[in-house]
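Biologist: Please take one part of this model and look at it closely. Then follow its contacts outward and tell me what you find.

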Amino acid sequence: MIKIFIPELKGKRKTSIRGFWRNESGKVYYDYLTSQDNYRDENNIQGLTTYLDNLKKFYQQECIAYKDNDKLKIFYSKDKIDVLNNNVVININKHNRQELKDTLKTYLKEYNGVTVYIDKENYILESYY
């Protein structure tokens, strides 16, 4: 199963997943994200790249991130897909916002991108590299 992360348009709807990333000049951006698990034809690479390209255009994004077999892939175009094989996951108690902020800053310096999942008791931070 392939999990595709979809940005919410202009952050109009807050979600329990947020994606943070840092550009080359050090500026930090974030999106509220939803995830979609419904792309089932994993063997049809051409169909997947067409689907991702359409999503990228529709949401006016530079790239679309998706998970495939425990790897994070960043789709820029059918000719440029970055594959990030390794990941780091940390749980932070939801009541410790300072630890969340400090860890986010550290992860963004070290990995350039962090996905934060919010559940009832914890923030789950995940970075791929």
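Modeller: Start with K3. Its bridge partner in β4 is K67. The model is predicted, so everything below is computed from predicted coordinates. A second pairing involves I2, whose bridge partner in β4 is D68. Altogether, β1 and β4 are joined by three bridges. The two strands run antiparallel.

How much of β1 is buried? Five of the six residues in this strand, which covers residues 2-7, are buried. The strand is therefore largely enclosed by the rest of the structure. β4 is also mostly covered, with four of its five residues buried.

Now the other partner of β4. Five bridges join β4 to strand β5, residues 71-77. This pair is antiparallel too. One of the pairings matches I64 with F75 in β5. β4 and β5 form a hairpin, with two residues between them. N69 sits in that turn and has a positive phi of about 55°.

Look closely at D68 next. D68 belongs to strand β4, residues 64-68. Is D68 buried or exposed? Its relative accessible area is 12%. The cut-off for buried is under 20%, so D68 counts as buried. Its side chain makes a polar contact with the side chain of N69, at 3.3 Å. N69 is the turn residue with the positive phi. Set aside the neighbours of D68 within four places in sequence, and its contacts are I2 and K73. I2 is already familiar as the bridge partner of D68.

K73 brings a charge pairing. K73 and D68 form a salt bridge, with their closest N and O atoms 3.2 Å apart. K73 has a relative accessible area of 17%, so this residue is buried. D68, at 12%, is buried as well.

How many salt bridges does the structure hold? There are three. Return to K67 for another of them. The side chains of K67 and E126 meet in a salt bridge, N to O, at 3.0 Å. K67 lies in strand β4 and E126 in strand β9, residues 122-128, so this pair ties together parts that are 59 residues apart in sequence. K67 is buried at 18% relative accessibility. E126 is buried too, with a relative accessible area of 9%. K67 thus has two roles to note: bridge partner of K3, and salt-bridge partner of E126.

The remaining pair sits in a helix. K57 and D53 join their side chains in a salt bridge, 3.2 Å from N to O. Both residues lie in helix α1, residues 45-58. They are four residues apart, about one turn of the helix. Here the burial values read otherwise. K57 is exposed, at 56% relative accessibility. D53 is partly exposed, at 23%.

Stay with α1. The helix has 14 residues. From first C-alpha to last, α1 reaches 20 Å, close to the 20 Å expected at 1.5 Å a residue. Which residues of α1 are buried? They are L48, T49, L52, L55 and K56. These cover an arc of only 125° around the axis, which puts them on the same side of α1. On the other side, Q46, K57 and F58 are exposed. K57 is the lysine paired with D53. After α1 comes Q60, with a positive phi near 55°.

Finally, the other helix. Helix α2 spans residues 97-111 and has 15 residues. Its reach from first C-alpha to last is 20 Å, close to the expected 21 Å. Its buried residues are L100, T103, L104, Y107, L108 and Y111. Down the axis of α2 they fall within an arc of 135°, so they line one face of the helix. The face turned away from that buried side carries the exposed residues K105, K109 and E110. Just after α2, N112 takes a positive phi of about 70°.

Back to the part we began with. β4 pairs with β1 through three bridges and with β5 through five. Two of its residues, K67 and D68, also take part in salt bridges.

Key. Residues numbered from 1 in each chain as written. Predicted model: local features only at pLDDT ≥ 70, side-chain atom pairs only at ≥ 80, totals over all residues. Heavy atoms only, no water. Buried < 20%, exposed > 50% of the residue type's maximum accessible area, 1.4 Å probe, protein only. Polar contact = N/O pair within 3.5 Å; in protein donor to acceptor, adjacent residues only side chain to side chain. Contact = heavy atoms within 4.5 Å. Pairing = 2+ DSSP bridges. Salt bridge = Lys/Arg side-chain N within 4 Å of Asp/Glu carboxyl O. Expected span 1.5 Å × (residues − 1). Arc of directions from axis to C-beta.
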